[in-house]
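Work through the exercises below with the model open. Each task is followed by a stepwise solution.

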Amino acid sequence: MHGCRKRLCCLEGRSHCGIFLRTFPHKQRRKKIGGLSMRSRSVSAFRRLLRCSKLTEVSRNFADRPCSSSFETFVDLRRVENSTIGMPVFTNPDMVASAAVQLAASEIDLEKLKYVDSIGVLLESLSSLPQVRIADPASMAAKMRQMVAAGNKKLLVISDFDFTLSRYANESGERLSTTHGVFDDNAARVDPELGKKFDELRMKYYPIEFDPKLTVEEKIPHMEAWWGTSHGYIVQSGFTRAMIEDFVRKSRVVLRDGASELMQSMEAVGTPLVIFSAGIGNVIEIFLRQKLGSVPRNVHFISNMILFDSNDKACAFSEPLIHTFCKNSSVIQKEASFFHQIAGRSNVILMGDSMGDIHMDVGVEKDGPTLRIGFYNGDVNDEASLDHYMAAYDIVLVHDSTMNVPQRIFDLVSK
Ligand SMILES: [Mg+2]
């Protein structure tokens, strides 16, 4: 404490860093540094900085922790450190003065620093996992710093369902079903002709959806035809709500390991989860009710919904049609009842398994970062596809059937 006071006196005399620092009587809640009003919390942070006698210590204590632009100067300090290891902390007085002024002007929550400090540890740990690919760790860390600083009240999760919240393959490597696949799985049982029609559609259009030689624009008319025809078959069949519930119960849709726990974590802290699916929303609702007992209160849907008539028979689908390549603002209904619940949530965790998922946050009014988590279910030897995913997603999980990594990221940024 005495040493700290001594350094402050030095500062008053401008002997080292040129900062003019004047403290006011203890009872005053705000103090002044460099002529700027400063909260007492920031003053203590500044004093902690002063206690560090080496540039390396400043770096260790602050450079990895910045959660707002006010700390950018400390990042600069770290760069200086690379060429001046071991030099006294006040080697560059202008930088320290500038940092102090920015610190004084900021509203820094020191409690948050503890979590920001964990970002480097988490990224290092994730990077060591064989299924994890991160193209630009620095960019990912910067996004996470912003998210941690803002906290859970600013956080929104947007997730695809098919092969993202649900698993792509079972333990034997056999492909599981999508929400549309629920009808493929069951139609043949109740109507063999209809089952054949669904099979033909899938064989015709699935290769087009994933053809790397076609552009999105070239694929869109085919996707519209596929979805439109498939929905037409479902409506013509006159399936009832009870039949569809039975189809879901007997389907091969399986939640990714840890997905229900992740959804429960989000519900527990009140983080909204928007399930944005080009599949069938009713099927997801029924599935979650069957698996979890109810649809978590924080879950909202943007999806194709089957409409039922007074006899509970499927009679139409909601508009606009949502297919793989239009998952963006063009299909978001701003009047949707949940929209006020996500207003002001400017930081997004986005989860998807296809290139069509990366713009799901477009249309959400926000100015914060989007952290994209991509599940890659394709050929691990297809380096071109993997590179494509790594360019689009901040973190790519290769053949990972669990939600362990998203859970760890969510736990940190929702503090
Ligand atoms: Mg998907």
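**Exercise 1. The metal site**

Task: State the spacing that the donors of the magnesium ion follow along the chain, then name the donors and classify their burial.

Solution.
- Step 1. Along the chain, the magnesium donors are spaced D-x1-D-x190-D.
- Step 2. Put residues to the pattern. D160 and D353 each coordinate the magnesium ion through OD, and D162 does so through O. The distances run from 2.1 to 2.2 Å.
- Step 3. Classify D160. Its relative accessibility is 5%, so D160 is buried.
- Step 4. Classify D162. Its relative accessible area is 11%, so D162 is buried too. The cut-off applied here is under 20%.

Keep in mind that this is a predicted model.

**Exercise 2. The overall fold**

Task: Summarise the secondary structure, the burial and the contact range of the protein.

Solution.
- Step 1. Count the elements. The protein has 16 helices and twelve strands.
- Step 2. Take the burial. Of the 415 residues, 49% are buried.
- Step 3. Take the surface. About 19700 Å² is exposed, and carbon and sulfur atoms supply 51% of that area.
- Step 4. Take the contacts. Consider those between residues at least 6 apart in sequence: 69% of them join residues at least 24 apart.

**Exercise 3. Cysteines**

Task: How many disulfides does the structure hold, and are C315 and C326 buried or partly exposed?

Solution.
- Step 1. Recall the bond. A disulfide links the sulfur atoms of two cysteines covalently.
- Step 2. Count. The structure holds zero disulfides.
- Step 3. Classify C315. With 37% relative accessibility, C315 is partly exposed.
- Step 4. Classify C326. At 11% relative accessibility, C326 is buried.

**Exercise 4. A helix pair**

Task: Describe how α7 and α16 pack, and name the residues that make the contact.

Solution.
- Step 1. Locate the helices. Helix α7 covers residues 137-150, and helix α16 covers residues 404-413.
- Step 2. Read the geometry. The angle is about 45°, and the axes lie 9 Å apart.
- Step 3. Name the arrangement. At that angle, α7 is oblique to α16.
- Step 4. List the contact residues. Helix α7 contributes M140, M144, M147 and V148. Helix α16 contributes I409, L412 and V413.

**Exercise 5. S265 and its surroundings**

Task: Place S265, classify its exposure, and find what S265 touches beyond four places away in sequence.

Solution.
- Step 1. Place the residue. S265 sits in helix α12, residues 259-269.
- Step 2. Classify. A relative accessibility of 21% makes S265 partly exposed.
- Step 3. List the contacts. Leaving out residues up to four places away in sequence, S265 touches Q407 and F410.
- Step 4. Compare sequence with space. S265 and S414 are 149 residues apart in sequence, while their C-alpha atoms are 9.7 Å apart.

**Exercise 6. Backbone exceptions**

Task: Where are the cis peptide bond at P320 and the positive phi values of D312 and H399?

Solution.
- Step 1. Recall the rule. Most peptide bonds are trans, and most residues other than glycine have a negative phi.
- Step 2. Take the cis bond. It joins E319 and P320, with omega about -5°. P320 lies in the loop between β9 (314-317) and α14 (339-342).
- Step 3. Take D312. Its phi is positive, about 65°, although D312 is not a glycine. D312 belongs to the loop between β8 (306-308) and β9. At 33% relative accessibility, D312 is partly exposed.
- Step 4. Take H399. Its phi is about 50°, again positive in a residue that is not a glycine. H399 falls in the loop between β12 (395-398) and α16.

Conventions
Residues are numbered from 1 along each chain as its sequence is written. This is a predicted model: local features need pLDDT of at least 70, side-chain atom pairs count only at pLDDT 80 or more; totals for chains, interfaces and linings use all residues. Side-chain values use heavy atoms; hydrogens and water are left out. Helices (H or I, at least four residues) and strands (E, at least two) are DSSP runs, numbered from the N terminus. Buried means under 20% relative accessible area, exposed over 50%, partly exposed in between (1.4 Å probe, protein chains only). Contact means heavy atoms within 4.5 Å. Accessible areas come from the Shrake-Rupley method with a 1.4 Å probe; for residues, only the protein chains shown count as cover. A disulfide is a pair of cysteine sulfur atoms within 2.5 Å. Donors are N, O and S atoms within 2.8 Å of the metal (3.2 Å for Na, K and Ca); water is not among the atoms, so sites may look incomplete. Axes are lines fitted to C-alpha atoms, for helices over the stretch in contact, and angles run from 0 to 180 degrees between N-to-C directions. Angles under 35 degrees count as roughly parallel, over 145 as roughly antiparallel, 65 to 115 as roughly perpendicular and the rest as oblique.
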